[in-house]
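Work through the three exercises below with the sequence and the coordinates at hand, and attempt each task before reading its solution.

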Amino acid sequence: MVGVKDEKSEKCLELFLKIGLDERTAKNTIANNKVTTNLTAVIHEAVVTDGCDRRIGNLLYTVATKYPANALVHRPALLKYIVSSKIKTPAQLEAAFSFFASTGSEDFKLDEFEEVCGVGVEVSTEEIERTVKEVFEENKNSILELRYRTNVGDLFANVRKRLPWADPKIVKQRIDAKMYELLGEKTAADNEKPTKKKEKKDKPAKAEEKKIADDAIGQPSEEDLNPYLIFPRPEDNIQVHTEVPFSDGSVLRCCNTKEMLEKHLKVTGGKVFTRFPPEPNGYLHIGHAKAMFVDFGLAKERGGCCYLRYDDTNPEAEKKEYIDHIEEIVQWMGWEPFKITYTSDYFQDLYELAVELIRRGHAYVDHQTPEEIKEYREKKMNSPWRDRPVAESLKLFEDMRSGLIEEGKATLRMKQDMQSDNFNMYDLIAYRIKFTPHPHAGDKWCIYPSYDYSHCIVDSIENITHSLCTLEFETRRASYYWLLHALGLYQPYVWEYSRLNISNTVMSKRKLNFLVTNKYVDGWDDPRLMTLAGLRRRGVSSTSINAFVRGIGITRSDCSLIRLDRLEYHIREELNKTAPRTMVVLNPLKVVITNMDSSSIMHLDAKRWPDAQTDEAFYKVPFSNVIYIEHSDFRKNDSKDYYGLAPGKSVLLRYAFPIKCTDIILADDNETILEIRAEYDPSKKTKPKGVLHWVAEPSPGVAPLKVEVRLFDRLFNSENPGELDDWLADLNPKSKELIHNAYTEPSLRDAAVGDRFQFERLGYFTVDEDSTPEKLVFNRTVTLKDGYGKVGK
């Protein structure tokens with residue numbers, strides 16, 4: 001079987017390369033069965049199995065990953081437009097996706113489709129020139145001030161907004177030409193910074209820069225295009241966007257009636273209403289940051305409202321601690337809920353609608369055990385109680401409500417479609433009995449609704465326009481609409497996006513809870529976890545998390561594992577601009593400067609910022625005849641590729657003087673180095689290659705300020721530990737290293753919890769909440785670009 005699979009993969013690889021995909025993209029595609037199947041079908045439908053232009057191939061790949069599933073019947077028609085180059089840009093393709101998503105499988109008018117997608121619209125070079133000129137005139141002052149640091153992506157997006165069907169490659173060329181015309185050749189000052197241009201060895205930086213390059217050849221960039229454009233307007237929610245097939249051959253075409261939509265729009269005023277619905281059974285992680293970006297972000301972008309709704313249907317797993325944490329962390333992430341609600345606020349409404357569902361013949365009380373339900377579902381068999389009389393189910397459901405039936409002896413199940421190909425239509429449970437007080441509702445209820453029953457109904461009650469969730473809920477869409485249709489309720493627009501998966505960690509709440517409760521980590525806010533509380537304690541800001549999420553974008557491609565490096569790139573980008581520099585020595589090695597008076601103390605200028613100009617950008621550091629350097633910055637045996645200190649060799653002390661090693665003081669074992677003797681060059685005529693950070697005794701015989709430093713690394717060794725059978729065995733035993741007696745310069749004494757710094761040559765660090773007046777504690781946020789695995793790892 002392995003041979004057959006390899007042969008099939010080779011054929012797919014050959015096919016994908018023929019349409020112009022680069023080898024890396026083609027191989028990554030083959031690793032995902034769903035995308036491979038879709039792309040292979042698209043290539044055959046487009047009749048390009050012998051190959052095609054790369055531009056067409058890129059568009060076909062986008063069709064395979066983003067085409068709306070409810071309009072597959074129209075996909076061949078779209079492919080003809082692509083192959084014939086009537087649709088030739090990503091912007092036209094996105095417009096086509098939106099058109100077909102709202103049309104569904106219904107017939108459509110070609111002239112309407114072509115108008116929406118800009119088919120036949122030719123934007124002349126002169127029009128592009130004129131529009132680029134207008135945009136430059138409007139932004140001239142800013143461009144002249146920033147020069148080549150101007151965000152070209154913003155200019156590009158501005159032009160594209162006015163000329164959506166313009167050739168993006170020509171737009172990019174004209175913008176570059178206009179920049180040169182206005183600013184001339186780049187000067188030395190233009191090339192001095194930013195750091196971005198010097199990060200050629202940093203893979204995450206390349207990935208970010210590649211987005212700009214991709215845009216020049218016509219591929220859309222999430223930074224340049226509005227990521228929320230894919231979502232329809234509230235008034236468009238009268239069109240069919242989802243079809244639910246039943247085993248008897250009938251089809252439920254999901255849409256609102258005109259009257260129902262008008263009633264909804266009257267309540268909402270036509271605004272977008274979304275909801276962020278976490279279950280309060282643990283702390284939020286970085287995957288929830290993406291959900292917030294989608295839910296709150298769409299509402300904010302459209303001038304609408306977003307609920308923070310606690311999905312609190314399981315009283316056994318929920319705690320007030322989690323509820324308080326969620327509200328606080330949402331605000332920390334920069335989002336403001338329109339209103340905070342609980343599913344339990346609607347328990348009475350949900351109960352009454354469940355009674356109505358029974359009356360309509362769409363629900364029944366069942367007595368099967370969980371094991372029996374599982375067995376019957378696997379065999380697609382009806383429950384023995386499925387067809388019991390409505391009156392009987394109504395009486396039993398009231399008994400459940402009154403506490404007259406034991407826990408586990410009865411459930412209320414929806415009467416859906418046991419012969420469906422979708423297992424989420426196998427008579428899902430709507431209510432179960434739990435004699436457990438509720439954290440929010442108290443002891444009023446002993447029956448609780450399930451997620452599958454309550455979620456869609458509360459969406460409808462709150463007049464949600466866009467119900468957005470991750471792709472694992474896609475198969476639940478059928479049940480979602482079945483229930484709203486069965487009750488005759490308003491139907492929100494449902495759309496699923498890919499969940500955020502990051503390397504070298506686990507994102508499952510169950511696994512995170514296991515790590516916390518079994519003390520593998522130090523609580524939900526352990527800096528090694530990808531919980532938002534953990535990232536905050538590590539020194540990561542909400543703005544860098546949001547920048548990371550925005551860079552990933554909102555797509556339906558569910559095959560990617562985002563490397564941790566990419567998040568770290570965004571963290572460094574911010575800290576490089578916001579974290580002042582200072583010097584800290586983690587593993588101090590004493591150096592005595594023999595040609596300097598022991599009572600002499602100099603106070604030297606050190607830079608808080610690399611391009612410091614004003615007095616505020618400098619701070620004073622003491623320099624005395626006793627300093628400390630890193631143990632790893634000294635070797636007894638020198639070599640050509642070593643730039644640290646060695647016998648007879650000179651190095652430059654950062655912001656100070658060159659020193660030369662003249663002697664080594666060893667312990668009795670003749671191996672352990674106790675201290676170094678050195679001479680300094682007060683004239684600074686010596687020009688050594690190596691530059692070291694250091695800390696000095698602030699006054700004779702007084703040790704430098706002592707601090708504790710915690711070095712955090714990846715929590716797991718493997719990129720995807722969640723897929724391992726024994727995932728706990730993959731825990732990195734070196735993910736946390738404590739350094740109790742690091743030395744730092746005196747100005748850090750007044751640092752407050754949450755303050756962030758760059759420890760020169762070591763990385764970015766933040767003051768931890770465990771700090772005391774007697775001793776500061778620092779957490780490493782992230783290493784420097786060129787320092788990972790070197791000093792201080």
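Helices (H or I, at least four residues) and strands (E, at least two) are DSSP runs, numbered from the N terminus. The model is predicted, so that local features need pLDDT of at least 70 and side-chain atom pairs count only at pLDDT 80 or more, while totals for chains, interfaces and linings use all residues. Residues are numbered from 1 along each chain as its sequence is written, and side-chain values use heavy atoms, with hydrogens and water left out.

**Exercise 1.** Locate Lys775 and describe its surroundings.

Solution. Begin with the chain: Lys775 lies in the loop that links strand E26 (763–767) and strand E27 (777–782). Next consider exposure, where buried means under 20% relative accessible area, exposed over 50%, and partly exposed in between (1.4 Å probe, protein chains only); with a relative accessible area of 24%, Lys775 is partly exposed. Then list its contacts (heavy atoms within 4.5 Å): leaving aside residues up to four places away in sequence, Lys775 touches Lys706, Val707, Glu708, His740 and Asn741. Of these, His740 offers its backbone oxygen, which the side chain of Lys775 reaches at 2.6 Å.

**Exercise 2.** Establish the strand order of the sheet that contains E7 and E8, and find what packs on this sheet.

Solution. Two strands pair if DSSP finds at least two bridges between them. On this basis four strands form an open sheet in the order E6-E7-E8-E9, with antiparallel pairing. Strand E6 (363–366) and strand E9 (447–449) are the edges, and because each has a single partner strand, one side of each lacks a neighbour in the sheet. Neighbouring strands are turned by 20° against each other on average, direction ignored, where axes are lines fitted to C-alpha atoms, for helices over the stretch in contact, and angles run from 0 to 180 degrees between N-to-C directions. Between E7 (residues 411–414) and E8 (residues 429–433) there are three bridges, and Leu412 has Tyr431 as its bridge partner in E8. Finally, helix H20 (residues 451–461) packs on the sheet and touches E7, E8 and E9, its direction making about 60° with that of E9.

**Exercise 3.** Which residues have the most contacts inside the largest nonpolar core?

Solution. A nonpolar core is a set of buried Ala, Val, Leu, Ile, Met, Phe, Trp, Tyr and Cys residues joined through side-chain atoms within 4.5 Å. The largest has 49 residues, and those with the most contacts inside it are Phe231, Phe276, Ile286, Met292, Leu532, Ile545 and Phe548. Helix H15 supplies the largest share, nine residues. A second, separate core of 44 residues includes Val244, Met425, Tyr448 and Leu483.

Methods:
A polar contact is a pair of N or O atoms within 3.5 Å; within protein, one must be able to donate a hydrogen and the other to accept it, and residues adjacent in sequence count only if both atoms are side-chain atoms.
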